[in-house]
Amino acid sequence: MVFNKKNKPPAKIAIVMGSQSDYRVMKNCEKILRILKIKFETKIISAHRTPNRMLDFAKSAKKNKFASIIAGAGGSAHLPGMIASVTTLPVIGVPIETKKLKGLDSLLSICQMPQGVPVATVAIDGAFNAGLLAAAIIGTFDEKVKSNLEKWRRVQTQSIKKRPK
Ligand code: RP5
């Protein structure tokens, strides 16, 4: 398909999280998306405490021109999976570290999705990588984002010293 100004695919990312307490981790998504010049919106949406807000958001995400959704949650972390259950947009889950189980609970809740409803899962507290993955998704159809991402990777490679000090 050829894209032009009128039918340009969406290049905006949604960053959602189950609680204000997740923001200390999830702000790392914002950090990398800003560096790569990708638009985003950030919201608190809880699968358990605000289920209707979650459903309204997820059902309208495509219409609201989001290309992908990054969802962070901790503990019984149902948010990414529940969002994925009502949209076919790619959902990237960020398991948030927890006090009692160190985030293993969040990780398993997010990555062990049943066949048919996938969630791409990053490492515990891997919000920065979630942003990079969302950028890679947008980079498949947006040349500017693709080139920003490639440049960022080149700079990273150049910054790695050959010898330890
Ligand atoms: C989850 O419960 C949130 O994603 C958060 O990681 C965890 C704890 O939430 P708070 O009790 O700190 O609000 O829904």
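This report describes the sheet, the ligand surroundings and one surface patch of a predicted model.

**Sheet**

The model contains an open sheet of 5 strands with parallel pairing, arranged in the order 2-1-3-4-5. Strand 2 and strand 5 (120–121) are the edge strands, and each of them pairs on one side only. Strands of a sheet pair through backbone hydrogen bonds, either parallel or antiparallel.

Strand 1 covers residues 12–17, and 6 bridges join it to strand 3 in a parallel arrangement. Strand 1 also pairs with strand 2 (residues 39–44), again in the parallel sense and over 6 bridges. Strand 3 is joined in turn to strand 4 by 6 bridges, and these two strands run parallel. The table lists residues that stand opposite each other in these pairings.

| Residue | Partner | Strand of the partner |
|---|---|---|
| Isoleucine 13 | Phenylalanine 40 | Strand 2 |
| Methionine 17 | Isoleucine 44 | Strand 2 |
| Alanine 14 | Isoleucine 69 | Strand 3 |
| Alanine 73 | Proline 95 | Strand 4 |

**Burial of strands 1 and 3**

Strand 1 is largely enclosed by the rest of the structure, because 6 of its 6 residues are buried. In a regular strand the side chains alternate between the two faces of the sheet. In strand 1, Lys12, Ala14 and Val16 point one way, while Ile13, Ile15 and Met17 point the other way. The residues of both sets are buried.

Is lysine 12, a residue of strand 1, buried or exposed? Its relative accessibility is 19%, and the limit for burial is under 20%, so lysine 12 counts as buried. The side chain of lysine 12 reaches the backbone oxygen of asparagine 64 at a distance of 3.0 Å.

Strand 3 spans residues 66–74, and 8 of its 9 residues are buried; strand 3 is therefore largely enclosed by the rest of the structure.

**Ligand surroundings**

Which residues surround the ligand? They are Gly18, Ser19, Ser21, Asp22, Arg49, Ala73 and Gly74. Among them, Ala73 is the residue whose bridge partner in strand 4 is proline 95.

Three of these residues place a polar atom opposite a ligand oxygen. For serine 19, a polar side-chain atom lies 2.6 Å from an oxygen atom of the ligand. For arginine 49, an N or O atom in the side chain is 2.7 Å from a ligand oxygen atom. Glycine 74 contributes through its backbone, where a polar atom is 3.0 Å from an oxygen atom of the ligand. Taken alone, the ligand exposes 360 Å², and the protein buries 65% of that area.

**Surface patch**

Leu101, Leu104 and Leu108 make a nonpolar patch of about 280 Å² on the surface. Leucine 101 belongs to the loop between strand 4 (91–96) and helix 4 (104–111). Why does leucine 101 count as exposed? Its relative accessibility is 52%, and exposed means over 50%, so leucine 101 falls in that class. Lysine 12, by contrast, counts as buried at 19%.

Notes
Residues are numbered from 1 along each chain as its sequence is written. This is a predicted model: local features need pLDDT of at least 70, side-chain atom pairs count only at pLDDT 80 or more; totals for chains, interfaces and linings use all residues. Side-chain values use heavy atoms; hydrogens and water are left out. Patches are made of residues with over 30% relative accessible area and no salt bridge: like charges are joined within 9 Å, nonpolar side chains (Val, Leu, Ile, Met, Phe, Trp, Tyr) within 5 Å. Accessible areas come from the Shrake-Rupley method with a 1.4 Å probe; for residues, only the protein chains shown count as cover. A salt bridge is a side-chain nitrogen of Lys or Arg within 4 Å of a carboxyl oxygen of Asp or Glu. Helices (H or I, at least four residues) and strands (E, at least two) are DSSP runs, numbered from the N terminus. Buried means under 20% relative accessible area, exposed over 50%, partly exposed in between (1.4 Å probe, protein chains only). A residue is near a molecule or strand if one of its heavy atoms lies within 4 Å of it. A polar contact is a pair of N or O atoms within 3.5 Å; within protein, one must be able to donate a hydrogen and the other to accept it, and residues adjacent in sequence count only if both atoms are side-chain atoms. Two strands pair if DSSP finds at least two bridges between them.
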